[in-house]
Amino acid sequence: MYRKYQMARIIEVASLIHKEPCRWTRPRLAARLEVSIATIQRDIDLLCEMGIEIIPRGKQGYEMVSDFFLPALNLNFEEALALVTAARFYQAAEGKQAIEVLNNAIHKITSNLPKRTNETLDRIAPQIEVPHQQISQIDEIEPHRETLYEAIRERRKVNMAYNAFSSGKRERHRLSPYAVLFRKHAWYVIGHVEQLNQILTFRINRIHNLFMSHLSYTIPEDFSVQKYMEKSWDFRLGPETHVVIEFKPRIAPLIREVQWHSTQQIYEQADRGLRFEATVAGWQEVGWWVLTWGEEAEVIQPKELRKWVADTAARMVEVYRKN
C-alpha cells in the first residue's frame, strides 16, 4: 500500500506546484500532506529525476518549468483497447491491493473517449480474455514488495533473511535491489548481493523478513532487466548453454508457431520433423519444457540435459508402475 500512497503524494506535490506557482514551500507542502520536510524534498528530487523541472524561488516557494500536465489524449480505438487490455493484465498480476487504483485508471481512459469509440470498446473489450495470474496469498499479505519499492526509490540497501528453496536453509543477505518484476505467478526482486558480489534473483514470497538499512547504493548505468533476463528460458539463470532438441512431425507445427526464445533457430528435417536450437542461460527449465512434449521431443545436446530428461522420465515411470 505504501507505493500507492507514495505515488499519490508525489502527484499531488506536482499538481499543487503546477497550479499555484511560487506559493508552495517545503514546510507548507509538508503540513498539507502530513509528512516531513525531508520527505517532500525527496519527492521533489524524484520529480526532477523524472525530467519535471521544479525550481525553488526562495521564500515564495517552487515553480514548475516543464509542462508536465498534458492535455487530454485523443485516443483512437486501437490505442484505447491496447491501454485497457494492458491495465487489465497488470491488474490480474498485481492482486487485490491494486484493483481499485487500476479500475480508476481504466475508468479515466474510457470516460474521456469519443462516444463512438467507447461504444465499440464496450462491445469488444469483454471478449478479450486476460489470463488471471494466480497470486500467492503470501504475496497478498506480506509488505516486502512495498518495502522494496521504497528501497529502490531511496537507493537504500536492505538486510534480508531468505528461505532458499535449493538449500532448504534460511540465508541472510545484504541486498542492493535493482528491480522488481512479475514472472510465473509470483513477484521477484533482482539485486546485487554484497557478500557474494553477484547479481541474483529472489522470490519475494520466500523472504522471511526485510529491513531497510541506512547504507546507500547506485544501480549501474548499463543494467537493464531485459538485458539481464534475455537469455533465460523462463526465469532461472545459469551457465550459458547451447541446446538442441528434435521434435517429431506430429508436434512440429506447434513448435513452429511460437517464439519460444530470443535466440531460437528452427531447421526443417527430411521426415518433416524439426530441429530446434537455442542458447540459454541455464538448461534446467528447458528440461521441464521438453518433458511436457513427452515422446514427441528428444534432447540431442547438451549431454547433461539429455541425461537429466532421461533420468527424470525413468523415475516418473517407476512412480506409475508402483501404483
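This passage walks through two helix pairs, a pocket and two backbone details in a predicted model.

Start with the pair closer to the N terminus, α2 and α3. Helix α2 covers residues 26-33 and helix α3 covers residues 37-49, and their axes come within 8 Å of each other. The crossing angle is roughly 105 degrees. Angles from 65 to 115 degrees count as roughly perpendicular, so that is how α2 and α3 sit relative to each other. On the α2 side, the contact is made by R26, P27, L29, A30 and L33. Their partners in α3 are I37, I40, Q41 and I44. Sorted by class, this contact comes out as seven nonpolar residues, one polar and one charged.

The loop that links α2 to α3 holds E34. The backbone does something worth a look here: E34 has a phi near 60 degrees, which is a positive value in a residue that isn't glycine.

Further along the chain comes the second pair, α11 and α12. Here helix α11 takes in residues 284-292 and helix α12 takes in residues 303-322. Their axes come within 10 Å and cross at roughly 45 degrees, which makes α11 oblique to α12. As for the hand of the crossing, it is right-handed. Helix α11 brings Q284, V286, G287, W288, V290 and L291 to the contact, and these meet L305, W308, V309 and T312 of α12. Seven of the residues in this contact are nonpolar and three are polar, with no charged ones.

Between strand β11 (297-301) and α12 there is a loop, and P302 is found in it. The peptide bond running from Q301 to P302 is cis, with omega near -5 degrees.

Helix α11 also turns up in the lining of the second largest pocket, where it is one of the elements giving two or more residues. The others are the strands β4 (170-183) and β6 (198-203). Of the elements involved, β6 gives the most, with five residues. The pocket itself has a volume of about 990 Å³. Its lining runs to 28 residues, and those nearest the centre are T201, F235, R236, L237 and E285. By class, the lining of this pocket has 14 nonpolar residues, along with seven polar and seven charged ones. For comparison by eye, the contact of α11 with α12 has no charged residues, while the pocket lining has seven.

Notes
Residues numbered from 1 in each chain as written. Predicted model: local features only at pLDDT ≥ 70, side-chain atom pairs only at ≥ 80, totals over all residues. Heavy atoms only, no water. Axes fitted to C-alpha atoms, helices over the stretch in contact; angles between N-to-C directions. Helix = DSSP H or I, 4+ residues; strand = E, 2+ residues; numbered from the N terminus. Parallel < 35°, antiparallel > 145°, perpendicular 65-115°, else oblique. Left-handed = near helix turned anticlockwise from the far one by under 90°. Contact = heavy atoms within 4.5 Å. Nonpolar A, V, L, I, M, F, W, Y, C, P; charged D, E, K, R; others polar. 1 Å grid on protein atoms, 1.4 Å probe; cavity = no way out; pocket = protein on both sides within 12 Å on 5 of 7 lines; lining within 4 Å. Points joined across faces, edges and corners; volume = space filled by probe spheres on them.
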